[in-house]
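Biologist: Could you pick one spot in this model, look at it closely, and then work outward from there? I'd like a plain tour that I can follow with the structure open next to me.

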Amino acid sequence: MHSSHPTTMAKIKDDKQLDVLNVLDLAKTQLYHFTAVVIAGMGFFTDAYDLFYISLVTKLLGRIYYHVDGSSKPGILPPNVAAAVNGVALCGTLAGQLFFGCLGDKMGRKRVYGITLMLMVVCSISSGLSFGSSPKAVLATLCFFRFWLGFGVGGDYPLSATIMAEYSNKKTRGAFIASVFAMQGFGILGGGTVALTVSSIFRAIFHAPSYKENPIASTVPQADYVWRIVLMFGALPAALTYYWRMKMPETPRYTALVAKNEKKACQDMSKVLNVEIQVYDNVKDLKSEDQQQIQVFDEIAITQGNSFGLFSREFVRRHGLHLLGTTSTWFLVDIAHYSQNLFQKDIFSAVGWLPPANSMSALDEFYKIARAQTLIALCGTVPGYWFTVLLIDYIGRFAIQLIGFFFMTVFMFALAIPYHHWTQK
């Protein structure tokens, strides 16, 4: 079977099984691949929005709910409360990855992905509606729904990447999966953009003096709506993604290899990948050139048919080092990535990017934090993602990762070593 042949064909053996893997791997890049990138990528967009917007609103929450009369500085969240608000979603993410990752192999990617998105929609809206008559009640309710929001995000992370991997062909798999991850950069940018837009509207309508001029009037009552709107906006991309995702069929690799329904996998592929798949009962019906290719496919299928469990010795022997290397580097990069995004607002203040808190109103501070975070996403995060997308299939995965870790190390040392310099105006 040659790429120039108009029909993609594979031979079903006595049990009528089709080598779906090879049909997918050899399929030409077409519109549906890009559609899958957008749909799966919107999951990552929503994940990043939901996880990182919280860093924009914590200072506003402190001003609203922890104001101290007579204090020279605006109210801030107590350290334990700030840690809970920032970190509780990540705890949910860890639990969600383990739970939905296993469930995705049991129930299928499509169904479980739909569950995670609906959970994210409900919890995004509920986070914005956090109720209570006291600061403790409001923040406790917020943390409760943030945990379950993170639980949904944790399920969406592996499923979005898996869906794209299982639709991709060999030639462009790296770029397509990287494109899905790159939507995370747009999610961070989207959170900042929404925060800028909402705060700009409220600043224009509700003028307020700085905290130094009037501590009480510097935080207008309507500021309580700002953080709630920003939180609830995260439900919109999740809802849109749910609609489009439910229109996609289950991934053919799952249908054929896990659900063992090769016929349904072929039908789904014919619909979305614009390939005609013909099934032959007898290899003699094929031309000699196709028989040779099928013989190779049969050998591959026999090799792939040797299944073994995740915790088996065979898995450890074949893929243990791959799994360890991938998970450990992801763990290390997340320490840097999440800590930077969740706490960089404090760095902004420390290095003078933001004026002293008492020289701004609550909405002014919220606006300027959002502006700084959006600027970093626009100039650093987003270009870095798409640098990888463009080059990953040319210079390789390993080289790209080494380059990323190298520059992260250099710039973190550059920020941390000349500490005294960064504290000067």
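## Helix H6 and outward

Modeller: Let's start with cysteine 143, which sits in helix H6. Keep in mind that this is a predicted model. Buried or exposed, where does cysteine 143 fall? Its relative accessibility is 16%, and the cut-off for buried is under 20%, so cysteine 143 counts as buried. For a landmark, try serine 127: it is 16 residues away along the chain, and the C-alpha atoms of serine 127 and cysteine 143 are 8.1 Å apart.

Now for a charged pair that involves H6. Arginine 109 and glutamate 166 form a salt bridge through their side chains, with an N to O distance of 2.6 Å. The pair ties together distant parts of the chain, since arginine 109 belongs to helix H5 (residues 109–128) and glutamate 166 to helix H6 (residues 135–167), with their positions 57 residues apart. Arginine 109 counts as buried because its relative accessibility is 8%. Glutamate 166, at 11%, counts as buried too. There is a third partner to click on: Asp105 joins Arg109 and Glu166 in a network of salt bridges. As a reminder of the chemistry, side chains of opposite charge can pair when their charged atoms come close.

In total, the model has 8 salt bridges. Another one worth a look joins glutamate 365 to arginine 63, at 2.8 Å from N to O. Here the partners are 302 residues apart, with glutamate 365 in helix H14 and arginine 63 in helix H3, so again distant parts of the chain are linked. Glutamate 365 and arginine 63 are each buried. For contrast, try arginine 397 and aspartate 393, whose salt bridge has its closest N and O atoms 2.9 Å apart. Arginine 397 is partly exposed, with a relative accessible area of 46%. Aspartate 393 is partly exposed as well, at 31%.

Glutamate 365 also takes us to a pocket. The second largest pocket has a volume of about 400 Å³. Which residues come closest to its centre? Of the 20 that line this pocket, they are Lys59, Ile76, Asp346, Ser349 and Glu365. Helix H3 (54–65), helix H4 (79–107) and helix H13 (313–350) are the elements that each give two or more residues to the lining. H13 makes the largest contribution, with 4 residues. If you sort the lining of the second largest pocket by class, you get 11 nonpolar, 5 polar and 4 charged residues.

Then there is the enclosed space. How many cavities of 30 Å³ or more are there? The count is 1. The largest cavity holds about 40 Å³ of space. To find it, colour Phe52, Tyr53, Leu56, Ile188, Gly191, Gly192, Gln373 and Thr374, the residues that line it. Helix H7 (173–205) and helix H14 (362–395) supply at least two lining residues each. H7 gives the most, namely 3. By class, the cavity lining has 4 nonpolar and 4 polar residues, with no charged ones.

Let's finish on the surface. Phe387, Tyr394, Ile395, Ile403, Phe406, Phe407, Val410 and Phe411 make up a nonpolar patch there, and together they have about 820 Å² of accessible area. H14 and helix H15 (397–416) are the elements that give two or more residues to the patch. Which of them has the largest share? H15 does, with 5 residues.

For a closer view of the patch, go to phenylalanine 387, which is in helix H14. With a relative accessible area of 41%, phenylalanine 387 is partly exposed. Over in helix H15 you will find methionine 412. Methionine 412 is partly exposed at 33%. A handy landmark for methionine 412 is alanine 336: they are 76 residues apart along the chain, and 9.2 Å separates their C-alpha atoms.

Key: Residues are numbered from 1 along each chain as its sequence is written. This is a predicted model: local features need pLDDT of at least 70, side-chain atom pairs count only at pLDDT 80 or more; totals for chains, interfaces and linings use all residues. Side-chain values use heavy atoms; hydrogens and water are left out. On a 1 Å grid over the protein atoms alone, a cavity is a set of points where a 1.4 Å probe fits but cannot get out, and a pocket is an open set with protein on both sides within 12 Å along at least five of seven lines; lining residues have an atom within 4 Å of a point. Grid points are joined across faces, edges and corners, and a volume is the space filled by probe spheres set on the points. Ala, Val, Leu, Ile, Met, Phe, Trp, Tyr, Cys and Pro count as nonpolar, Asp, Glu, Lys and Arg as charged, and the others, Gly among them, as polar. A salt bridge is a side-chain nitrogen of Lys or Arg within 4 Å of a carboxyl oxygen of Asp or Glu. Buried means under 20% relative accessible area, exposed over 50%, partly exposed in between (1.4 Å probe, protein chains only). Patches are made of residues with over 30% relative accessible area and no salt bridge: like charges are joined within 9 Å, nonpolar side chains (Val, Leu, Ile, Met, Phe, Trp, Tyr) within 5 Å. Accessible areas come from the Shrake-Rupley method with a 1.4 Å probe; for residues, only the protein chains shown count as cover.
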